[in-house]
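Visitor: Please pick one part of this structure and take me through it closely. I would like to know how it is built and what lies around it.

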Amino acid sequence: MNNVGYKEKIEALLEYYKFSTKLAEALHVHRMSIPNWREGKVEISKENRLRIDVLYATHCVIPSLKKADVDAKVRELEREDHTAYLDNIDIVTEVSRKNAFGSLEVEVADVSESVFYKVVEGSYIEKDIDKRKFLEMNNLAFLTKQILVDTKEGRITSIESDLIKKWHFGLMAGIRDDAGRYSTKMRIIPDTKITLTRPEDIPEEVEYWVGKYAEVKSIYDIAHAHEHFELIHPFGDGNGRVGRLIMAHQFLKLGLLPPMIDGHNKALYYATLEKAQIDGNIIPLVYFLTEAVERMKAQLGIKRSL
């Protein structure tokens, strides 16, 4: 998807929407933006590139996926054993850093990878950068490595609601006053048709989630658990990061490296997650997760087939 240029993506989306005014409406831009982009008169902003990418993934990539092909990809990946890599503390450390930075990049605007690594390595201290940015980086990096190591060492036997709240506290400590506590307010995900769990129903819904996904035995189970957790959206902020931490733990329990989800593939992540949540079609999200694990392997220099 990232190999397709934006002019080509716009042309493909025009075939879907038929009229440039309809595409402009879907992108929340002025109707003249489309011809200006097509002719190269105006640079496409980062925000609008993401919107184009999400629409392209939704209307051009996802419809081309075939269940049989995705099933085959899952079988191939689940036959692999990444234990040898996960037993190497240096690799686990690098995986945790890549996983943490990627998860942060999905959620936080203008995050710098070089600054992130300096914070993690202790080259930057809190006074050198904005306090919130420092804590977002430091908290997530520390928590991610702790979860991966604890999972590998068998110290996390099950994910309970208290553990989820503990992870959220570790993520948001010093950033939000309600760190580690469920939201008491209505939450909204902009530009989607998704309806989140009502605040008064969150505790019960989380307990139901904990029971339903106590045993995940496949990537399909992980995908179902993730889209369900993000629908509950139990916290005021940090739900995506907590959800991806849960997935990292679940992939390790299957003996697999966690998926690499970052700015590079977040449009496809958003599109496939929303597809699962709105239509109940889990196949695109499963496809995305298998590709994201392959992306993590590539980042570590591991060949596609072990």
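Guide: The account below follows helix 12 and then turns to the ring pairs. The model is predicted, so local features need pLDDT of at least 70 and side-chain atom pairs count only at pLDDT 80 or more, while totals for chains, interfaces and linings use all residues. Residues are numbered from 1 along each chain as its sequence is written, and side-chain values use heavy atoms, with hydrogens and water left out.

Helix 12 covers residues 219–232, 14 residues in all; helices here are DSSP runs of H or I with at least four residues, strands are runs of E with at least two, and both are numbered from the N terminus. From first C-alpha to last, helix 12 reaches 20 Å, close to the expected 20 Å, where the expected span is 1.5 Å times one less than the number of residues.

At the N-terminal end, serine 218 caps helix 12, with a side-chain oxygen 3.3 Å from the backbone nitrogen of tyrosine 220. A polar contact is a pair of N or O atoms within 3.5 Å; within protein, one must be able to donate a hydrogen and the other to accept it, and residues adjacent in sequence count only if both atoms are side-chain atoms. Just after helix 12, histidine 233 has a positive phi of about 50 degrees.

Of the 14 residues in helix 12, 10 are buried (under 20% relative accessible area with a 1.4 Å probe, protein chains only; over 50% is exposed, in between partly exposed). Among them are Ile219, Ile222, His226, Glu227, His228, Phe229 and Glu230. The buried residues pack against helix 5 (67–78), helix 10 (161–172), helix 11 (202–212), helix 13 (239–253), helix 14 (266–279) and helix 15 (283–299), contact meaning heavy atoms within 4.5 Å.

The structure holds 8 aromatic pairs (Phe, Tyr or six-membered Trp rings with centres within 6.5 Å; planes under 30 degrees apart are stacked, over 60 edge-to-face, the rest tilted). The rings of tyrosine 182 and phenylalanine 235 have centres 5.7 Å apart and planes at 40 degrees, so this pair is tilted. Tyrosine 182 lies in the loop between helix 10 and helix 11, and phenylalanine 235 in the loop between helix 12 and helix 13, 53 residues apart, so the pair links distant parts of the chain. Tyrosine 182 and phenylalanine 235 are both buried. Tryptophan 209 and tyrosine 213 also form a tilted pair, since their ring centres are 5.6 Å apart and their planes at 50 degrees; both residues are buried.
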